[in-house]
Amino acid sequence: MTPNGASGRRPDGAAFIIALGLVALGALLVWDGGRIPDKAGYSGVGPGDVPKLIGYALVLLGIGTAIEGWRNPGPKRAKQHPVPLLWLLGGMVVMVASIHTIGFVLGSTILFTCAAAAFGERRFHVAIPSGLGLGLFIYAVFDVLLQLNLPGGPIEMAIFGR
Amino acid sequence: MKHALFGAMVAAALAMPAFANDYTIMAPASPGGGWDSTARTMQEVMQAEGISSNVQVTNVPGAGGTVGLAQFVASASGDPSQLIVGGYVMVGAILTNASPVSLADVTPIARLTGEAVAIVVPAASPIQDIKGLVDAMAADPGAVSWAGGSAGGVDHITVGLLAKAAGVDPTKINYIAFSGGGEATAAILGNQVTAGISGLGEFLPQVQAGTMRLLAVSSDARIDGVDAPTLSEAGYDVVVQNWRMVAAAPGLSDEQKAQVAADIEKLAKSAGWQKALADKGWADTYLAGADFDAQLAKEIEATTAVLKDIGLVQ
Amino acid sequence: MDTFSFLMQGLATAFEPMMLLYALIGVTLGTAVGVLPGIGPALTVALLLPVTYGLDAAGSLIMFAGIYYGGMYGGSTTSILLNTPGESASVITALEGNKMARSGRGGPALATAAIGSFVAGLIATLLLAFLAPHVVKLALVFGPREYFALMVLAFVTVSAAFGESALKGLVSLFIGLALAMVGIDQLTGQTRLSFGVPQLLDGIEVTTLAVAMFALGEALFVAAQGPGNEGAVLAIKGRVKMTAQDWSRSWKAWLRGTGIGFPIGSMPAGGADIASFLSYATERNLTKHPEEFGKGAIEGVAGPEAANNAAAAGTLVPLLTLGLPTTATAAIMLAGFQQFGLQPGPLLFVTAPDLVWGLIASLLVANVMLLVLNLPLIRFWILLLKIPQPWLYGGILVFATLGTLGVNPSPVELTMLVLFGTLGYLMRLYGYPIAPVVVGLILGPMAEQQLRRALSISQGDPMTLVQSPIAAVLLALAAVALILPMILRARGRGDVLAQVGQAED
């Protein structure tokens, strides 16, 4: 909405990618809605009808986003730093992939350490023991005392016997 | 504040004895539901009666128990300490969800409890008996709306069976699924629907308070203290029981299976279990061994047929 | 005995020293667990319920009431300070509350939430005590078509209130609606958008989506801004206590929130989340400071928090009068009753009056206790913002993982946490509002199911939707809410254009 000189006329590239994503999501819903057998029964509205409606709306919103991106430039975005982002996402992904084998304590230690690294704390000799301590504390309180079933692994086996 | 927290937690810790692990029971549902309370009651009684020194309960919710069942088959195979709770709802869910695993992939041990399905109308309804309701459905199936639990569940199946028994096209029934008996109860009390169908326990307090009229129950014989005919008594050959069972892991040796079955029999016959059943209002429908296997096979067959008739399964 | 003497008797029991101690322990434990980021009240109550098992009926009830209120208040504390709501009803609180916390007004935000919760809890519990049998009759009038009309009203008012760009708000909302389609269609048993993944058959868990989009999305976004962004959050600026202006802007919002929350909470298919959405929309429309909304308006915290608490007391109406648990927390409470061999139902007020009145008195005591405990603690909670970022976000993420595992311990659930977290980051990056996604996920299936149920009952006649007076009024309100801002905007556009023109000169 804020015209910002000559460079402001340049179409917003990100808007086209978002528009494409929305159209693709919409198409997926329309396709899936059409695949469902029509069992509208007495209501006249079947299980596939609402997904199709939402799908069409998403396609329209995608087109709207593309037009908007053509007419108006995107706002100037702050530069994103990929390294902390990768630390954080990497920590999440490794934790998700491994927590059911290595157990909650080690999984959360990895996540905690990577998250701390993402925010600039790269002293691993401090972060790893802290994460380990936090994981052990949570496991002791929630799994052992409050009977919440958390994934177990070698550490849980050695300390808590489960 | 820290001290109060710590004190309460220590108290909680002391209340729980630390024994070796003997049984792990999977409740393939979220905490709080019927399967979960069955599993937790088993846990309590098995420990209290000394059948097992330590019993753990795990919850794997999802899709009528089929998510838990699939995980159980994959992870517990050959391990005699693993048990899973299940029930009639699972039979239907396996079919409607086209589940890759079925009850044939586990070792059913015994049926433990069961509950009849009840058919009610709002107190203000002009319909007085089950015949009046079925006749209205025969005259115009669309005009009779049924409120019950989720599509393809035991309530839906019972309506389908009833329609079939009364000579009404089961695909024509106007069944309106609600998320569980509670929301269905509200719709019935608010006169939003013609009739309601759900577990007897769900409706009984309302019937006793006079806000609903109980027309029939789906058990094979009249239930003590419940003033309503069975469906077969009223001339419709329909017997449905929403039972719950316990099964062991696949791939057990005969000795292992016999050991588990013996433990479960000890549980079912124990005073603690009988008291728990009475407290919770569950009927004792213990059935084990070849009798249970035969019964299970028969019910799977009947359920498959009716789900095809309703049009939920191709 | 009449209602009043029953209540007095219940209060007399609740004021015994041991009972007060149990209430204090309950409130403390509830707050301590509820305050952990990403852990909502339902999980808190489920986890802590066993702690009450050893006590007698009265002690157990009062500790339970304390845990319940403590868990709810603890949840809003972290929503406000850290933008990590653990349940759908706190999403709205986070919207304005976190903006306030970031600009150094975390103290007043927490205070208005605490006092608003107290006021709403007090009024709603008294309404529960004296009016429950009448309220439930009104609530039962709501059938599928009335609920559908209510959902339409919620959609219209809430989506009109989100964000600056209507297009971006709608995109967010429809992403939420699309996610809502995943899973088994409850009315026909057909699977939608599940692609053969069994864990998707039950749909996308609201808590997982909320925790992912808010807690993880926020962490990713903050991290991506690179080092040296600590200055973005001010721990304390100005007074920790509420100013006279804060009070005068809050009290009406508390009362309105209570007025919206209690009846909606009483409806069997209502819920605290819808109450908080509607309260937010109301405050946004009535405020004298519209420019502050989206930047930290105190009414936007006061109203929804009051509505949330009033609705929580409201859910006890169907539970105690009909035996219907309408929320996850109420279902857990039902399990709590059953340990005393009680089956809540229409006759509970007659068959077990001491217990019912004991519970109501306990709720009142717990409510007071919560305020007494939490107002002095606000100074301490704000210090959470002073924890260095690496430790703070490390902790938030570990607790978010714990919350997700607590609800559903499956690798698929954790994978969704990561995917939706990434989506939350990208949406923040490109300026799309987050809350409408959660709103769409909650309201979408409700609106769809109620519409199809209503049409099923009428055998396909769409006129049924306007034939009930309540539904017709609600739909008319929705129409007004949709059209009125358009007219105002059309009339106001001239001025805005003129201003833009001047700015360019």
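In this predicted model, a single salt bridge is found across the interface between domain 1 and domain 2 of chain B. The bridge joins the side chains of B:D309 and B:K164, with 2.5 Å from N to O. The two partners sit within a chain whose domain assignment gives domain 1 as residues 17–114 + 243–310 and domain 2 as residues 115–217. Taken over C-alpha atoms, the centres of these two domains of chain B lie 28 Å apart.

The contact between the domains of chain B involves eight residues of domain 1 and 11 residues of domain 2. Together the two domains bury about 930 Å², and carbon and sulfur atoms account for 71% of that area. On the domain 1 side, B:V306, B:D309 and B:I310 provide 51% of the area buried against domain 2, more than any other three residues. B:D309 thus appears twice in this picture, as one of those three residues and as a partner of B:K164 in the salt bridge.

Chain A is also divided into two domains, domain 1 covering residues 6–71 and domain 2 covering residues 82–160. Here the centres, again taken over C-alpha atoms, are separated by 39 Å.

Turning to the contacts between chains, chain A and chain C bury about 5300 Å² between them, with 80% coming from carbon and sulfur atoms. Chain A contributes 61 residues to this contact and chain C contributes 62. Within chain A, the residues that lose the most area to chain C are A:L61, A:Q80 and A:F119, which together make up 12% of what that side buries. The count of salt bridges between chain A and chain C is zero.

One helix pair that links these two chains is α3 of chain A (residues 82–118) and α17 of chain C (residues 389–407), which pack at an angle of about 145° with their axes 10 Å apart. The crossing of α3(A) past α17(C) is right-handed. Residues making the contact include A:L88, A:M95, A:F104 and A:F112 from α3(A), and C:W391, C:G394, C:V398 and C:L405 from α17(C). Sorted by class, this helix contact comprises 14 nonpolar residues and five polar ones, with no charged residues.

Chain C also meets chain B, in a contact that takes 35 residues from chain C and 33 residues from chain B. The area buried between chain C and chain B is about 3000 Å², 67% of it given by carbon and sulfur atoms. Zero salt bridges are found across the interface of chain C and chain B.

How values were computed: Residues numbered from 1 in each chain as written. Chains lettered and ligands numbered in written order. Predicted model: local features only at pLDDT ≥ 70, side-chain atom pairs only at ≥ 80, totals over all residues. Heavy atoms only, no water. Axes fitted to C-alpha atoms, helices over the stretch in contact; angles between N-to-C directions. Helix = DSSP H or I, 4+ residues; strand = E, 2+ residues; numbered from the N terminus. Left-handed = near helix turned anticlockwise from the far one by under 90°. Contact = heavy atoms within 4.5 Å. Nonpolar A, V, L, I, M, F, W, Y, C, P; charged D, E, K, R; others polar. Domains from an automatic or database assignment. Buried area = accessible area lost by both parts, 1.4 Å probe. Salt bridge = Lys/Arg side-chain N within 4 Å of Asp/Glu carboxyl O.
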